[in-house]
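Student: I have a model open and some labels to check. Can we take them one at a time, value against cut-off?
Tutor: Yes. Here it is.

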Amino acid sequence: MDNEKTLEILRILEDNARLSSEEISEMTGYTPKEIDEIVKKAEERGIILKYKTLVDWEKAGEEIVYAVIDVRVTLTREKNYDDIAKRIAKFPEVHAVRLVSGDYDFQVVVKGKSLKEVAFFVAEKISTIPEVLTTVTHFVLRSYKEEGVLLFKDEEDRRLAIVP
Amino acid sequence: MSREQERVSKRVQELKPSGIRKFFELIIGRDDVISLGVGEPDFAVPWRIREEIIYALEKGITSYTSNFGLKELREAIAEYYRKFGVECSAESVLITTGVSEGVDIALRAILNEGEAVLVPEPCYVSYAPLSSLAGGEVVAIPTTPDFKLSYELIDEYAKETKPKAIVINYPNNPTGVSYSKKELEEIADAAIEHDMIVISDEIYAELSYTFKHISIASLNGMEERAIILNGFSKAFAMTGLRIGYAIAPADILEGMLKIHQYCMLCAPVTAQIGALEALRNGEDELEEMRAEYIRRRNFFVKRVGKVLDVKMPDGAFYAFPSIESTGLSSEEFAERLLFEKNVAVVPGNAFGECGEGYIRCAYAVSMEKLREAVDRIVEFVEEL
């Protein structure tokens, strides 16, 4: 697989997954067939994980609560980081799990319908895992940037219509 | 002639009004126009550069700098220009208020009354008027239909007119044409043969797609006769900050400095601070913008190429399609496209007489807008 071509297609798709192979072909000069093959291979190899839509749910009128949980754990011979992380990650309420450096071990993002729901989920499902020592829950009050996309109105185009 | 007209100098009266200006008036007040008429990036100044400027203002860095500009910036530019093949020291660099000032003071520094200047066209709108204002005689070299300079072409015009200088710009506004090293050597040979100074406007150097940009000043025998002009407007999307620079042989730079110190004193210090940050840390943003321009260029040429004859641009962010097949003049085409489809482009004759029969389309707009504009252009041509 031509690596430079693959990377260019991935960059384009990461920004806009809805572009057709024809349009990507027009942007890159690669043939649509070539692009289809590269995309298929990237999907098969798990380089492309999924095509999703980035939704501003608040604007859509849907109440969604996110919380970032700092989780400290203790390791044993039987249970390492991977084992504990997988256990946490499998809950559908869990949006993201990351092993991080610093004061705590895992950063867990939990998604729920209300503060109460999220708080109880943490108390009942995460804190009760034997290896978990402490949890600190930070509720998200407002989001300003997600997945590299600004959630506030950015600067408008102030250019004049015609300049040399 | 009325009194008002008499008060304005003959030199200025004789200047042709900019063709772009005229078209600009037509657009004012129209809503929903998608403009491909804009010769500047659609990106704002990268945030890290703005932060640096804000921080400088907070620290109270607001005074004049040396006439030459900040020493650190001149050093950074000298180091940076190795990338384009030029070995020079900070002493050869003068910070200007954009390339526009650079063109002006370079011409004024070298021209005596009546000396000829070769101006290959189509080209950026300021070279000819600024040459005239400096007392020079403009000799336009038409480069259509391939928009390229060659030894023969320069030789043909230089023989007759014994020019003092030639103004080149590559990658070119408005055609997008650029030159390989071999092609540049031809231009250099012609310049040496006719003992000309080469004013090389390299503002689009970073936006070079077909060739790795090489400065003509790096070629044999050119160091002593090339004035490099460049700036931060296009590569780092810093248009409104008005910041550029000149790299020139000592005697010419000294001459330029004399004019610069009287008419400009120094380039704005905030813009100089931003420029320094751009050179130190702006590479990533630059690469992102470059990659995006290449995609848009390919997209534009592919789609518009279905209805108009358009050459693949080597650089900058302009395409220069021929509209000859439509039977319309450049101005008719641009006006009707504006009124009927709400898309603004610039008539090619704004860039010199030989630009008639072409339109300049700047693809420095978002992919979404570009797609819409291109569809409208195709529709417009098909309906003619």
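Tutor: Start with a cut-off: a salt bridge needs a side-chain nitrogen of Lys or Arg within 4 Å of a carboxyl oxygen of Asp or Glu. Keep in mind that this is a predicted model.

Student: What makes B:Arg295 and A:Glu8 a salt bridge?
Tutor: Their closest N and O atoms are 2.7 Å apart. The limit is within 4 Å, so the label holds. The count between chain B and chain A is four salt bridges.

Student: How many residues does each chain bring to that contact?
Tutor: Chain B gives 33 residues and chain A gives 17 residues. About 1900 Å² is buried between the two chains, and carbon and sulfur atoms supply 55% of that area.

Student: Why is the pair of B:Tyr81 and B:Tyr245 called edge-to-face?
Tutor: Two values decide it. The centres are 6.1 Å apart, and pairing requires centres within 6.5 Å. The planes meet at 85°, and over 60 degrees counts as edge-to-face, so the name follows.

Student: Which parts of the chain does that pair link?
Tutor: B:Tyr81 sits in the loop between helix 5 (71–80) and strand 3 (93–96) of chain B, while B:Tyr245 belongs to strand 9 (residues 244–247). The two are 164 residues apart.

Student: How do you know whether B:Tyr81 and B:Tyr245 are buried or exposed?
Tutor: Buried means under 20% relative accessible area. B:Tyr81 has 0%, so B:Tyr81 is buried. B:Tyr245 has 2%, so B:Tyr245 is buried too.

Student: Which aromatic cluster holds B:Tyr81 and B:Tyr245?
Tutor: One formed by B:Tyr80, B:Tyr81, B:Phe84, B:Phe232, B:Phe236 and B:Tyr245.

Student: What kind of aromatic pair do B:Phe147 and B:Phe320 form?
Tutor: Edge-to-face: 5.5 Å between centres and 75° between planes. The first value is within 6.5 Å and the second is over 60 degrees, so both tests are passed.

Student: Why does this pair tie together parts of the chain?
Tutor: Because B:Phe147 lies in the loop between strand 5 (137–142) and helix 8 (151–161) of chain B, and B:Phe320 in the loop between strand 10 (318–319) and helix 13 (330–341). Those parts are 173 residues apart in sequence. B:Phe147, at 6% relative accessible area, is buried. B:Phe320, at 3%, is buried as well.

Student: What puts the charged end of A:Lys5 over the ring of A:Tyr30?
Tutor: The charged end is 5.1 Å from the ring centre. The distance limit is within 6 Å, so that part of the test is met.

Note on methods:
Residues numbered from 1 in each chain as written. Chains lettered and ligands numbered in written order. Predicted model: local features only at pLDDT ≥ 70, side-chain atom pairs only at ≥ 80, totals over all residues. Heavy atoms only, no water. Phe/Tyr/Trp six-rings, centres within 6.5 Å; stacked < 30°, edge-to-face > 60°. Helix = DSSP H or I, 4+ residues; strand = E, 2+ residues; numbered from the N terminus. Buried < 20%, exposed > 50% of the residue type's maximum accessible area, 1.4 Å probe, protein only. Lys NZ or Arg CZ within 6 Å of the ring centre and 35° of its normal. Contact = heavy atoms within 4.5 Å. Buried area = accessible area lost by both parts, 1.4 Å probe.
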